[in-house]
Amino acid sequence: MTEINYKKHNYPGHLFSVAPMIDWSDRHCRFLHRLFSRRALLYTEMVVADAIIHGPRERLLGFDATEHPVALQLGGSDPVKLAQAARIGIEFGYDEINLNVGCPSDRVQSGTFGACLMQTPDVVARCIAAMKEAVAVPVTVKCRIGVDDQDPEIALDALADHVLNAGADALWVHARKAWLKGLSPKENRDIPPLDYDRVYRLKSRLGATFIGVNGGIANLDEAATHLARVDGVMLGRAAYHDPALLAGVDHLIYGEPEALVDMVQIVETMCEYIDRHIAAGGRLSHVSRHMVGLFTGQPGARRWRQILSTDATKPGATSAVLREAYAAVAKAGEEAA
């Protein structure tokens with residue numbers, strides 16, 4: 001894996017981030033990811049502005065202080081509501097506000113936000129302007145290169161120009177189209193072809209503007225390759241399914257001294273976190289479901305997955321299940337040595 005020299009940007013943001021992922025990147029997932037990287041920017045799941053304004057804010061927005069830097073991703077298309085939601089997010093302590101212009105789910109389409117906003121860049125611009133006026137932290141956008149029959153050469157430039165003129169501090173681009181008609185959200189993550197070159201061309205045209213790329217990036221070697229052409233790289237499923245991948249971020253992306261990962265300490269820290277969560281009325285599975293891929297590729301990984309997938313979901317399960325699962329991993333490692 002090759003080290004890279006990174007350059008400074010106008011956006012006071014991050015070269016590497018973990019993508020916002022619905023049902024995955026909740027506060028428990030982010031707490032785990034932060035144990036592997038101090039520097040990576042972590043994102044919330046998309047939270048709809050109406051839910052923040054009218055719903056249970058602590059449950060939707062609460063997070064552990066160790067998660068910083070952490071960005072709140074909002075969904076919506078009403079500038080007034082998004083500005084209000086952004087202000088509430090800042091009151092909770094988020095370091096950045098991001099607007100989702102890329103999610104293709106049916107629920108998002110019915111609410112006229114997410115990826116369908118690629119078709120109305122003027123609306124997105126008004127939303128960004130309202131949020132920029134409401135908060136002092138960076139306001140960014142995550143989008144696709146286009147939707148349905150749009151020409152990505154035209155659609156992405158139009159969206160970028162509108163939001164940047166409205167004051168957006170950075171643009172993160174998932175390098176695929178979203179097909180709102182004919183593909184499920186899951187299929188939209190894989191079937192539309194990746195077009196990284198389109199994102200590179202956007203960066204070349206916009207010069208000093210921070211442009212980050214997302215979509216299908218599997219490891220830090222690939223991340224380094226992209227960082228030779230754009231300013232930031234965002235991993236989603238790869239980081240979720242193998243959280244230990246993040247252990248190399250601070251060294252290989254940010255140039256910090258290489259540090260060994262103490263998996264014993266990470267498991268113990270997660271046990272303590274789980275104990276606090278259960279004491280507050282939570283369940284082990286709320287946290288452990290994000291840890292299933294923790295030992296991917298290592299001896300004992302299969303047994304680890306089995307224990308977490310079965311015992312951790314039982315009523316009354318505690319952090320003892322996690323310690324039992326790790327004991328199985330340690331034993332397998334000793335036998336393989």
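## The second largest pocket

In this predicted model, the second largest pocket holds about 510 Å³ of space. Its lining is made up of 20 residues. If you would like a place to start looking, try D26, R27, E45, R59 and L60, which lie nearest the centre of this pocket.

Which elements build the wall here, each with at least two residues of the lining? They are α1 (27–34), β2 (41–48) and α3 (57–61). β2 gives the largest share, with five residues. By residue class, the lining of the second largest pocket has nine charged residues, six nonpolar ones and five polar ones.

## The largest pocket

Now turn to the largest pocket, whose volume is about 640 Å³. Here 28 residues form the lining, and those nearest the centre are P20, M21, I22, H174 and R189. Two or more lining residues come from each of β5 (139–147), β8 (232–235) and α11 (237–241).

How do the residues of this lining divide into nonpolar, polar and charged? The largest pocket has 14 nonpolar residues in its lining, along with nine polar and five charged ones.

## Two domains

Stepping back from the pockets, the domain assignment splits the protein into domain 1, covering 16–254, and domain 2, covering 263–336. Measuring sticks aside, the computed separation of their centres, taken over C-alpha atoms, is 30 Å. Domain 1 brings 16 residues to the contact, and domain 2 brings 15 residues.

## Where the domains meet

The size of an interface is often given as the accessible area lost when the parts come together. Between domain 1 and domain 2, the buried area is about 1300 Å². Carbon and sulfur atoms give 63% of that area.

Which residues of domain 1 lose the most area to domain 2? They are H28, F31 and L32, which together account for 40% of what the domain 1 side buries. H28, F31 and L32 have numbers that fall within α1 (27–34), an element that also supplies residues to the lining of the second largest pocket.

## A salt bridge to find

How many salt bridges does the rule find across the interface of domain 1 and domain 2? There is one. In the model, the side chains of D26 and R289 meet in a salt bridge, with 3.2 Å from N to O. By numbering, D26 belongs to domain 1 (16–254) and R289 to domain 2 (263–336). You have already met D26, since D26 is among the residues nearest the centre of the second largest pocket.

How values were computed: Residues numbered from 1 in each chain as written. Predicted model: local features only at pLDDT ≥ 70, side-chain atom pairs only at ≥ 80, totals over all residues. Heavy atoms only, no water. 1 Å grid on protein atoms, 1.4 Å probe; cavity = no way out; pocket = protein on both sides within 12 Å on 5 of 7 lines; lining within 4 Å. Points joined across faces, edges and corners; volume = space filled by probe spheres on them. Helix = DSSP H or I, 4+ residues; strand = E, 2+ residues; numbered from the N terminus. Nonpolar A, V, L, I, M, F, W, Y, C, P; charged D, E, K, R; others polar. Domains from an automatic or database assignment. Contact = heavy atoms within 4.5 Å. Buried area = accessible area lost by both parts, 1.4 Å probe. Salt bridge = Lys/Arg side-chain N within 4 Å of Asp/Glu carboxyl O.
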